[in-house]
Structures are given as structure tokens and as C-alpha cells.
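Visitor: I am new to this structure and would like to be taken through it slowly. Could you show it to me before I ask my questions?

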Amino acid sequence: MTILVTGGAGFIGSNFIFYMLDKHPDYRIVCIDKLTYAGNLSTLAPIMNDERFRFVKADICDREAVYTLFEEEHPDIVVNFAAESHVDRSIENPSIFLQTNIIGTSVLMDACRKYGVGRYHQVSTDEVYGDLPLDRPDLFFTEETPIHTSSPYSSSKAGADLLVQAYSRTYGLPVSISRCSNNYGPYHFPEKLIPLMIANCLNDKPLPVYGQGLNVRDWLYVEDHCKAIDLVIHKGREGEVYNIGGHNEMRNIDIVRLICHELGKPESLITYVTDRKGHDMRYAIDPTKIHNELGWLPETGFEDGIRKTIRWYLDNRPWWEEIISGEYQNYYERMYGNR
Ligand code: NAD
Ligand code: TDX
């Protein structure tokens, strides 16, 4: 069994590759990644010499490179993690999001049609459903919830999802889609809420909370997401969408306070800054379908997961310090300098 994983030098893709090599010792994993600012080859260093693993630096929008790789490897399954993934960057500059997230998806699916794969799996997000009001805790996103996006990022992911469904219906491509809530864990790029707050706390820098910090996200430990995708690609029904989430809703401000507390830092580091444009209020996934059909349940509770995550950032300082000392500084200055 050969699995082609795109975006495997990023946060979730790398965790997925480690999980799959460990869980399925007889599988071969081929990773294609463009190594954008968010891709980090040092993350994959421990498996670079593993004969079951191959890394190829390429853009999923590069049709020739993608077709060549399919011709060489004939993957049985393709799992597409590659994406521009940060909402704030999509507000700054939408076009690369449309390019990678939509065009890239179409190139991959064209290759799947041309060379024949058993399953094309699209890693999507709960953000395609838009947001929920804070005063209706009874509401959750199900697979039937209409697509209703807020940011260029979520619109590009929704566009890709629609294209995946069109390839299924029009060409009979064997596809599946998973829509997961916010992940956290090792190798999370420090522009995202949890790793950014951990890194800033450790450097005694201000903790920039957007608006009043009342927005709610539904947090899932990354390994639980990887387990869910493993189930969907092997046992999930063709053409179906599966929501993934662990019923772990938290307000941003409570997450930031918790991180301060765990690291013994004062809450006076918290700084309220101008809100994100179009900021989604609340995400909350109903994971009933994947539980009933595939028996998936999250295994890592938030208390345990956040402690493991903080420990990982303490034990792996060179990994994130190298990121925040480079080009990332320009981004940080642009995003937070005058906020
Ligand atoms: P990430 O930004 O950490 O990693 C993205 C990876 O894709 C990077 O390694 C980058 O180099 C690569 N990439 C970007 N453009 C590429 C291109 N054109 N060709 C090849 N490679 C390219 O993202 P992540 O947080 O790991 O997210 C992975 C996927 O999961 C995305 O599709 C995202 O939409 C989805 N998702 C993320 C979350 C979350 O909480 N992080 C939640 C739900 C869904
Ligand atoms: O500095 C910050 N301050 C702050 O208050 C940052 C970076 C974020 N926030 C808030 C915005 C959100 O309400 O924290 C919340 C989480 O923000 P992000 O980490 O940027 O994640 P989010 O916008 O929720 O999107 C994430 O989950 C869904 C991923 O980045 C997406 O790729 C995924 O699809």
C-alpha cells in the first residue's frame, strides 16, 4: 500500500505521516510538499532515511511534477493536507489561497483520474460551515449544515470541497472529505493561537488576544485527527463527508489564561488587540456520524493534550525558535506591529 500525503512537512500532515508509519509498518508513504513558510523539512528529519518514506519537494499546482510522481509511485490512496491554512494571512492576501487550495486540489484529482487511485481524501475544515452564535449552545455543525463561509481561507476550502464532490459525481472519482475542528499538538506553526501564546509566554512577550477573547473554538489533539483520517480512508464510505471534533469548546481567553497558568507567567501579559475582520464567533462539531459509522472517539482529553503540547514546546525550543527568528519576524511585525 502506497499513500501519497501532500503537505506532509506542515503541522497535521507530519503528525499523520509519523502516525501512519508507526501504525502500518508495511505501508510506504510518499510526501509531496512545496516547503512554503509553513513547511519545515527538519520536522521530517527523523524519517528521511526510512526506506518506507520518500520526500519530494514540489507544488501540488505543478501538473507536470504531480503527474511524474504519480507515474513513478502509483499511489493507492492520496490524502491532501497541502494548503494555505492561516485565516489572518488569507485576509492579507487571498490569491495564493485560491491557487493552492482550489487549483492544487483539482490538479491532484486530475492525476487521480489519469493514473487511477483507490481513494482521494480531502482534508477539509469545520470553517466551511461558517460560525454559530454564542447564545445557542444547542447548535452544532452536522454534515448537512449548509456551506456558509466567512474568510478567503474558508471560502477556498469550501470551493475545494465542492470540486471534490463534483469530481465524485461527474467522473465517479472515489473520494472522501473530512471536516475537522481546530487541532493542537506538536509541530503546530507558531502563528496559530496555541503555539503563538506558548512561544510568547516563554519569551515574556505580550499575548495578543483578538477582540474580547470570547470567540469559541472546538479543540482536538492532532493525533485524534490522524486516527480519524486513517479510519475514513480505509473504512469510510466513498463520496461521503465526515465531521471530526471532540466536543471540547473553549473561549480563546480561557485558553490563553490556562497557558499562562501552566507556564507560571502573569496574566498581565495578555493584551487585547483589534479584532480579526469577519471573525467567526463559535465553531462546534457534531461528530455523531464518524462515531456511529466508524467507531471513532477522541482519546486525548484537553487537560492532558495541552500539557503534552506545552511540554513538547519546552523540549523542542530549537524547532520553533528557528522559525520565529527568521522571515516570520516580518510577518509578526506586519500583523501585530500597529494592532
Ligand atoms: P500547515 O500550514 O501547518 O501546513 C501546510 C503544508 O502544506 C506546509 O507544509 C506547506 O509547505 C504545504 N503546502 C502549502 N502550499 C503547498 C503547495 N502549493 N504545494 C505543496 N505543498 C504545499 O497546515 P495544517 O494546520 O497542518 O493543515 C493541514 C490541512 O488541514 C489543511 O488543508 C487545513 O485546511 C486542514 N485543517 C487544519 C486544521 C488546523 O487546526 N490546523 C483544522 C482543520 C483542517
Ligand atoms: O494572535 C492571535 N490572537 C487571537 O486571539 C491568533 C493567532 C488567534 N487569535 C484567535 C482567533 C481565533 O478565534 O484565536 C482563535 C484561533 O485562531 P487560529 O489559531 O488562527 O485558528 P482559526 O482561525 O480558528 O483556524 C484554525 O482552525 C481551523 C486553523 O488555522 C485552520 O487551518 C483550520 O481550518
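Guide: What follows is a set of questions and answers about this predicted model.

Visitor: Which residue has a side-chain N or O atom 2.7 Å from an oxygen atom of ligand 2?

Guide: There are 21 residues around ligand 2, and those that come nearest are E127, Y153, R276, H279 and Y336. Within that group, the residue whose side chain places an N or O atom 2.7 Å from an oxygen atom of the ligand is E127.

Visitor: Which residue brings a backbone N or O atom to 2.8 Å from a nitrogen atom of ligand 2?

Guide: Two backbone approaches to ligand 2 can be set side by side here. At Y210, a backbone N or O atom lies 2.9 Å from an oxygen atom of the ligand, whereas the residue with a backbone N or O atom 2.8 Å from a nitrogen atom of the ligand is P208.

Visitor: How much of the accessible area of ligand 2 does the protein cover?

Guide: On its own, ligand 2 has 660 Å² of accessible area. The part of this area that the protein covers is 94%.

Visitor: Which element gives the largest share of the shell around ligand 2?

Guide: By class, the shell holds nine nonpolar, seven polar and five charged residues. The elements that contribute two or more residues to it are α6, spanning 193-202, and β8, spanning 207-210. The largest share amounts to three residues, and it comes from β8.

Visitor: Which element gives the most residues to the largest nonpolar core?

Guide: In soluble globular proteins, nonpolar side chains tend to be buried together. The largest nonpolar core in this model has 39 residues, and I194, I198, L207, I259 and Y328 have the most contacts inside it. Elements giving two or more residues to this core include β8, α8 and α12, but the one that gives the most, with seven residues, is α6.

Visitor: How many residues does the second, separate core have?

Guide: This other core includes V30, V66, F141 and Y283. Its number of residues is 34.

Visitor: Is N252 buried or exposed?

Guide: N252 has its place in helix α8, and, leaving aside residues up to four places away in sequence, N252 touches L193, G213, N215, R217 and H279. Its relative accessible area is 10%, and the cut-off for the buried class is under 20%. Because 10% falls under that cut-off, N252 is buried.

Conventions. Residues numbered from 1 in each chain as written. Chains lettered and ligands numbered in written order. Predicted model: local features only at pLDDT ≥ 70, side-chain atom pairs only at ≥ 80, totals over all residues. Heavy atoms only, no water. Near = heavy atom within 4 Å. Polar contact = N/O pair within 3.5 Å; in protein donor to acceptor, adjacent residues only side chain to side chain. Areas by Shrake-Rupley, 256 points an atom, 1.4 Å probe, with all protein chains shown as cover. Helix = DSSP H or I, 4+ residues; strand = E, 2+ residues; numbered from the N terminus. Nonpolar A, V, L, I, M, F, W, Y, C, P; charged D, E, K, R; others polar. Core = buried A, V, L, I, M, F, W, Y, C linked by side-chain atoms within 4.5 Å. Buried < 20%, exposed > 50% of the residue type's maximum accessible area, 1.4 Å probe, protein only. Contact = heavy atoms within 4.5 Å.
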